[in-house]
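These are my notebook entries on a structure with more than one chain. I went through the chains in turn and wrote down what I looked up.

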Amino acid sequence: MFNYTLRRLLLAIPTLLFISLVIFLLLELSPGDPLSDMPLSIPPEVRQEMRIALGLGEAWYIRFYKWLYLFTIVEPSHVIAGFTGLDIAIEGQRILSWQTRSPVSDIIIQRMPQTLWVVGLAYLFGVLLAVPIGVYSAYRQYSWFDQTGSFISMVGFSLPTFFTGPLLILIFAVWLGWFPIIYDTTLNVTNWETFWKQVRQMAMPVFVLTLFNAAQISRYMRASMLDNMTQDYVRTARAKGMTERIVVLVHVLRNSLIPVVTVIALGIPTVFTGAIITEQIFRVNGLGQLLITAIYASDIPMVLTLSVVFAILIVLFNLIADLLYAILDPRIRYD
Amino acid sequence: MTAAPDMTAALPPESARDTPTNPATQRRKLVEVKNLKLYFPIFGGLLRRQVGDVKAVDDVSFDIYEGETLGIVGESGCGKSTCGRAVLRLYELTEGSVVIDGQDIATLSPEKLRLKRPSMQMVFQDPQASLNPRMTVASIIGEPLDEHTNWPRTKKLERIYELMDAVGLNRDYANRYPHAFSGGQRQRIGIARALALNPRFIVCDEPIAALDVSIQAQVVNLLEELQDQFGLTYMFISHDLSMVRHIADRVAVMYLGKLVELAPVSALYANPLHPYTEALLSAVPEPDPFAETRKERVVLKGDVPSPSNPPKGCNFCTRCPKVMEICREVEPAFREYAPGHFAACHLLEETGTAALNGGMRPEHNQTRIQQGEDA
């Protein structure tokens with residue numbers, strides 16, 4: 001298992017290099033100019049100098065190499081220094097956002113908590129709700145619980161968040177006035193009152209995303225349970241005279257969790273990438289919103305860095321899912 | 001596979017084994033099945049209403065005596081396996097009673113039934129699918145002990161090792177998973193699991209059907225040894241007639257959810273009363289090639305009717321070579337024509353016991369086919 005993990009990690013390096021090159025070239029080919037927001041009165045020579053100041057004067061492969069160096073060596077050193085307080089940060093050039101002229105990694109670290117709180121909590125709630133719902137729906141297939149659950153999950157699955165989001169805002173913020181429309185990032189939780197405020201402003205985006213996540217995962221869970229429920233070994237367990245609780249929770253559930261855990265693990269990177277649409281609707285300034293505004297502003301260093309960070313997370317969680325598979329299913333051996 | 005006896009020396013003449021041709025009078029009935037019916041509902045139409053039933057087991061009655069092996073034979077789809085599962089109430093019965101050791105399990109509450117389970121066990125057909133792939137051999141065998149005993153860990157482990165020895169599995173394999181074993185070894189795990197709580201009655205649901213022929217013999221011999229050792233009572237479901245002849249004391253023949261004949265093994269194989277049993281027995285391959293070519297084979301025409309829409313009268317009337325007018329109208333009763341020899345056929349009611357006493361079998365007529373032509 002250790003060797004396998006190591007081999008996969010080594011193989012991930014060329015994969016990620018290739019991914020970042022593709023993203024870089026795509027951005028290179030994309031239309032848009034970082035200076036298009038500047039006043040037209042700026043003389044062309046000055047404009048050219050500004051471009052060179054942004055680092056756009058050199059050939060693409062030199063720029064890619066420089067970005068790669070900064071991304072893999074310099075930025076991590078600053079991030080680690082920031083977290084641990086060690087004096088290892090490498091002085092000099094950083095990857096700068098063209099919008100704010102501040103280092104990209106600093107902005108990402110600032111935006112991370114909002115995304116993790118809102119999207120992460122929604123994912124956690126989604127999983128915690130989906131697993132029991134899926135198990136019970138499958139156990140009592142075609143019961144009213146199952147029918148209602150299937151209906152709701154179908155609705156949650158088919159309605160996009162850009163529909164459910166505004167709908168909730170209309171009902172709970174505009175008509176009923178229970179929750180604020182806009183997420184206030186500057187709010188500091190210091191006492192019960194501000195905590196309650198935080199809960200209230202998180203309620204709607206978390207609900208929208210929980211509904212979507214739970215709908216998706218509960219369908220996987222139910223299907224997987226139904227698959228296993230009719231297996232011969234379940235009949236064996238009943239014939240052994242085991243209680244229904246053990247038959248369902250030990251025999252059926254454990255075997256059913258194998259595919260579901262994979263789905264859950266593969267979904268975790270989406271927590272970090274943030275729910276772009278939901279964050280936009282509720283004005284949560286997390287990573288998803290950061291990405292979308294960077295794209296609007298042709299902020300190439302930001303888009304490139306964020307996309308590659310997401311790519312790393314996806315590759316990493318793919319590996320984690322594969323390893324979980326081996327832990328959960330004794331038939332799978334990697335060495 | 002240490003305790004795997006060789007099959008080549010097996011198959012003693014059955015007359016040596018079932019000397020008491022009618023064990024009914026002496027021995028105690030352990031299992032009494034009365035009018036067992038198991039229908040699977042068919043739902044159809046727009047509103048998914050029940051439109052009919054698949055009559056998998058339709059009014060079956062038989063007894064199993066303590067310490068004996070009752071073989072159940074029949075072609076696939078005749079309801080053998082369903083009957084075996086119904087006897088242990090792994091399906092909810094539609095009608096009828098199953099009294100095991102004085103207790104009617106058809107009406108027991110789920111909890112009482114669960115507590116009764118240790119005394120009645122099952123060896124399943126597919127040794128791969130019937131073992132939980134995520135449990136080690138030790139936990140598969142030991143799980144019933146966790147549930148039904150409060151023994152300390154060491155005692156449970158001792159019992160697990162004892163069972164593994166009994167079925168001829170190496171103790172070192174205790175922490176392996178089922179996928180790491182061969183088919184025969186997996187079936188041994190299944191048998192060890194069934195034995196864990198000292199059951200008195202075991203339903204063997206085609207325990208050898210999924211196994212290689214050389215392994216089949218090992219498993220059957222193992223089952224016989226265990227029967228002697230622990231005084232077990234078996235209900236042995238199989239479509240392998242020669243294997244049933246080898247292991248069973250009495251044999252019941254099923255066709256389309258009903259019993260057509262039930263007799264001690266020697267009587268059944270020497271003198272089958274029902275035309276279906278005759279046809280079934282004529283299909284058993286003969287090891288001697290000269291005898292095989294001379295053998296007359298009853299070849300049944302057509303397919304088994306659907307169990308959701310069985311024919312009126314006798315279930316076998318659509319394929320019976322000796323069908324009469326009455327067969328298509330009246331269902332024949334399941335009667336005793338000789339001591340311990342039951343059958344359900346109108347032919348017997350006419351010819352009476354003459355056929356039996358004279359040892360004469362009714363002549364085959366137009367369905368006679370020579371093996372050579374058949375091939």
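Before turning to helix packing, I fixed one convention: axes are lines fitted to C-alpha atoms, for helices over the stretch in contact, and angles run from 0 to 180 degrees between N-to-C directions. I also note that this is a predicted model.

**Entry 1. A helix across two strands of chain B.**
I began with helix 6 of chain B, residues 183-195. I found that this helix lies across strand 6 and strand 7 of chain B. Its direction makes about 175° with strand 6 of chain B.

**Entry 2. The sheet of chain B.**
I then traced the sheet and found it open, with eight strands in the order 6-7-8-3-9-10-13-12 and mixed pairing. Which are the edge strands? I identified them as strand 6 (120-123) and strand 12 (335-338) of chain B, each of which pairs on one side only. For the twist, I noted that neighbouring strands are turned by 20° against each other on average, with direction ignored.

I looked in detail at strand 9 (residues 250-255) and strand 10 (residues 258-264) of chain B, which run antiparallel and are joined by six bridges. One residue pair I recorded is Tyr255(B) with its bridge partner Lys258(B) in strand 10 of chain B. I next asked which strands helix 2 of chain B (residues 80-87) touches where it packs on the sheet. They are strand 3 (69-73), strand 7 (201-205), strand 8 (233-237) and strand 9 of chain B. The direction of helix 2 makes about 150° with that of strand 8 of chain B.

**Entry 3. The contact between the chains.**
I listed the contact residues and obtained 22 from chain B and 17 from chain A. On the side of chain B that touches chain A, helix 3 (110-116), strand 6 and helix 4 (137-148) of chain B each supply at least two residues. Helix 4 of chain B gives the most, with four residues. By class, I recorded this side of chain B as eleven nonpolar, five polar and six charged residues.

**Entry 4. Chain A overall.**
I turned to chain A and counted twelve helices and zero strands. The C-alpha trace of chain A spans about 85 × 60 × 40 Å along its principal axes. Of its 335 residues, 31% count as buried. Among contacts in chain A with a separation of 6 or more, I noted that 70% come from residues 24 or more positions apart.

**Entry 5. The two domains of chain A.**
Chain A is divided into domain 1 (17-84) and domain 2 (104-328). I noted 34 Å between the centres of the two domains, taken over C-alpha atoms. Their contact takes 14 residues from domain 1 and ten residues from domain 2 of chain A. On the domain 1 side, helix 1 (2-29) and helix 3 (60-84) of chain A each supply at least two residues. Helix 3 of chain A provides the largest share, six residues. I classed the domain 1 side as eight nonpolar, four polar and two charged residues.

**Entry 6. Helix 11 of chain A.**
Lastly, I asked which residues of helix 11 (residues 287-296) of chain A are buried. They are Leu287(A), Gly288(A), Gln289(A), Leu290(A), Leu291(A) and Ala294(A). What covers these buried residues includes helix 4 (104-139), helix 9 (244-273), helix 10 (276-282) and helix 12 (300-328) of chain A. Just after helix 11 of chain A, I noted that Ser298(A) takes a positive phi of about 50°.

Notes:
Residues are numbered from 1 along each chain as its sequence is written. Chains are lettered from A and ligands numbered from 1 in the order in which they are written. This is a predicted model: local features need pLDDT of at least 70, side-chain atom pairs count only at pLDDT 80 or more; totals for chains, interfaces and linings use all residues. A residue is buried if 20 or more other C-beta atoms lie within 10 Å of its own, exposed if 12 or fewer, and partly exposed in between; C-beta atoms are placed from the backbone. Two residues are in contact if their C-beta atoms, placed from the backbone, lie within 7 Å. Two strands pair if DSSP finds at least two bridges between them. Ala, Val, Leu, Ile, Met, Phe, Trp, Tyr, Cys and Pro count as nonpolar, Asp, Glu, Lys and Arg as charged, and the others, Gly among them, as polar. Domain bounds come from an automatic or database domain assignment.
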